Amino acid sequence: MAPGPLLALLIAAASAAPAPQARVYKRAARPGEAVLVVVTGNDPSRPPVGSFAGAKLLFHRTEPKTYVALAGIDLEASTGTVAVTLTMYAPGGASRAWSEAMTIRAKAFAERRLTVAQQYVEPPPEQEARAEKETRRVKAVFAEASPQAELGGGFRMPVKGAKTTSRFGERSFFNGKPRAPHSGADIKASTGTPVLAPQAGTIVMAEELYYPGRTVLLDHGLGVYSLFAHLSE
């Protein structure tokens with residue numbers, strides 16, 4: 001039996017619907033940079049799924065058929081080719097596989113050499129166990145990315161007009177011994193200076209940790225966090 005006029009019209013409309021499209025935006029494919037993935041024309045009821053360099057992408061809908069996801073390139077990422085891999089869904093449910101290769105290139109960072117109390121280079125066994133436990137807890141928080149974004153507008157500096165005394169990505173040497181690249185920036189300010197949240201978010205940790213001292217961790221959603229350390233209170 002031939003389909004009725006209404007069913008035929010629906011089939012024609014579905015087949016004429018444009019397939020979802022994806023685009024990757026980046027400033028540079030180097031360690032420490034961010035990658036923005038934008039999918040347009042996707043089914044509003046079913047977000048795309050995908051990964052970047054093997055890590056899951058979390059998509060947030062910004063318009064009825066537009067989704068965005070943000071991913072970072074690790075400071076210690078190896079050079080070479082990685083892929084953005086997606087499954088997108090056209091209105092009505094038909095899926096479309098998509099991928100794009102990206103070459104991670106090397107980036108040179110500055111170095112800084114600091115002299116600190118020896119306990120922060122080679123902590124006593126009980127403090128080392130504490131520090132390792134705290135590191136696992138922080139990593140567990142980062143692994144549980146909130147699916148809803150609280151992002152709106154631009155980010156702002158947490159301390160206005162203050163001097164930055166170390167830069168993101170610098171390789172630190174404490175008492176001559178190498179440490180992981182600096183995944184933040186040090187901002188110099190007087191004790192008691194208010195620290196502003198750079199963007200809307202939810203506080204998911206506020207306590208004193210062994211290495212960073214008094215710490216506040218904000219979850220902005222979609223895997224975007226900001227961490228404030230070495231606070232006076």
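Colleague: What is the relative accessible area of Phe-142?
Modeller: This is a predicted model, in which local features need pLDDT of at least 70 and side-chain atom pairs count only at pLDDT 80 or more, while totals for chains, interfaces and linings use all residues. Residues are numbered from 1 along each chain as its sequence is written, and side-chain values use heavy atoms, without hydrogens and water. Phe-142 is partly exposed (buried is under 20% relative accessible area and exposed over 50%, with a 1.4 Å probe and protein chains only), its value being 38%.

Colleague: With which residue does Phe-142 form an aromatic pair?
Modeller: Rings of Phe, Tyr and Trp (its six-membered ring) pair if their centres lie within 6.5 Å, with planes under 30 degrees apart called stacked, over 60 edge-to-face and the rest tilted. This rule gives 2 aromatic pairs. At 5.1 Å centre to centre and 65° between the planes, Phe-142 is edge-to-face with Tyr-225.

Colleague: How many residues apart in sequence are the parts that this pair ties together?
Modeller: Helices (H or I, at least four residues) and strands (E, at least two) are DSSP runs numbered from the N terminus. Tyr-225 is buried, at 16% relative accessible area. Because Phe-142 lies in helix H2 and Tyr-225 in strand S16, the number of residues separating the parts in sequence is 83.

Colleague: Which strands do the buried residues of H2 pack against?
Modeller: The buried residues of H2 are Ala-131, Glu-134, Val-138 and Val-141. With contact meaning heavy atoms within 4.5 Å, these buried residues pack against strands S14 (202–209), S15 (213–221) and S16 (224–231).
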